[in-house]
Amino acid sequence: MKPCIIKQPAGVGDVFFLQKIAHVYLEKGHEVIWPLRDDIIWIADYIPNIRWFKLSEWSQGPYRQLFNYSGFAETEEFIYIDPSTADRTFNTDPTRIMSAKFGLAGLDHTDWGKYFKFDRKIEKENELYYDVLGLKDDSEYSYVNDIVHTDIRKTGRLSSREYEYPVVENRIIDGFTLFDWTKVLMNAKEIHTIPTAVCFMVDVIDTNSKIFYYPNDERQYKDIVDIFRNVTEYRDVR
């Protein structure tokens, strides 16, 4: 069976969102090949069955020239899907950047969450929760995240707000990945975040948190409003 090659080397949230495309082709019997930026290859440790590549290694391999092309193609040798540019090659609605990625592959995006599954590393989660963050089983806190983008940009847009509970702020901690924050997210009383990769995790984990998202603008709100299901309220960050 010919391989299915997916061009979406970043960002982290896009990779989470697009797991349905990978699963559809896996279920058809194709090997799914997915190069990732080297700095987020940790995703491969949590999501099995896909043949993940470091982008630096991919760029030296036999299929490297494919990434010069956009769109969707099926040949006798491979299937090629480029969701990373779908908003420019497929979409006609500038407010629908995310759903265009599925439209390119002829798939519906609204049930994406059924296909986003990841292996949890409970020992790492507990280490972060208890030892690093100093939380307890009965801790009440608001998880607050204003880190966005694969390049890790802290916006500061939520720092001046007041929260009902003591704040546990998302931060980059050596030795831990975003997936290792799962226990923190599950146990939070409230979750406050800019729409980013965290939101895709929050939508599929078991949590009773009140969830508040702060879109950057109206365009971003229209892009995500039918993606996330477990949202208590969308709020204006201003």
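The paragraphs below walk through a predicted model, beginning with a sheet and its strand E6 and then turning to the salt bridges.

The sheet is open and is built from five strands in the order E9-E6-E10-E11-E12, with parallel pairing. At its edges lie E9 and strand E12 (233-234), each of which pairs on one side only. As background, the strands of a sheet pair through backbone hydrogen bonds, and the arrangement may be either parallel or antiparallel.

Strand E6, which covers residues 142-145, offers a useful place from which to read this sheet. On one flank, E6 pairs in the parallel sense with strand E9 (residues 167-169) over three bridges, and within that pairing Ser142 stands opposite Val167, while the bridge partner of Val144 in E9 is Glu169. E6 is also joined to strand E10 (residues 190-193), again running parallel, by four bridges, and here Ser142 stands opposite Glu190. The side chains of E6 can be followed in the same way: Ser142 and Val144 point one way from the strand, Tyr143 and Asn145 point the other way, and all of these residues are buried.

The salt bridges, of which the structure holds 13, can be approached through a few individual pairs. In one of them, Arg120 and Glu125 meet through their side chains at 2.6 Å, N to O. Arg120 is partly exposed, with a relative accessible area of 38%, whereas Glu125, at 1% relative accessibility, counts as buried because that value falls under the 20% cut-off.

Another pair links Arg88 to Asp87, with the closest N and O atoms 3.9 Å apart, a separation that still counts as a salt bridge because the criterion is within 4 Å. Arg88 is exposed, its relative accessible area being 61%, while Asp87 is partly exposed at 24%.

A further pair lies in helix H9 (residues 218-224), where Asp223 and Arg219 are four residues apart and are therefore separated by about one helical turn. The two form a salt bridge whose closest N and O atoms are 3.7 Å apart. Arg219 is partly exposed, at 32% relative accessibility, but Asp223 is buried, with a relative accessible area of 4%. Beyond such pairs, Lys20, Asp111 and Lys114 are joined into one network by salt bridges that share partners.

Definitions and conventions
Residues are numbered from 1 along each chain as its sequence is written. This is a predicted model: local features need pLDDT of at least 70, side-chain atom pairs count only at pLDDT 80 or more; totals for chains, interfaces and linings use all residues. Side-chain values use heavy atoms; hydrogens and water are left out. Buried means under 20% relative accessible area, exposed over 50%, partly exposed in between (1.4 Å probe, protein chains only). Helices (H or I, at least four residues) and strands (E, at least two) are DSSP runs, numbered from the N terminus. Two strands pair if DSSP finds at least two bridges between them.
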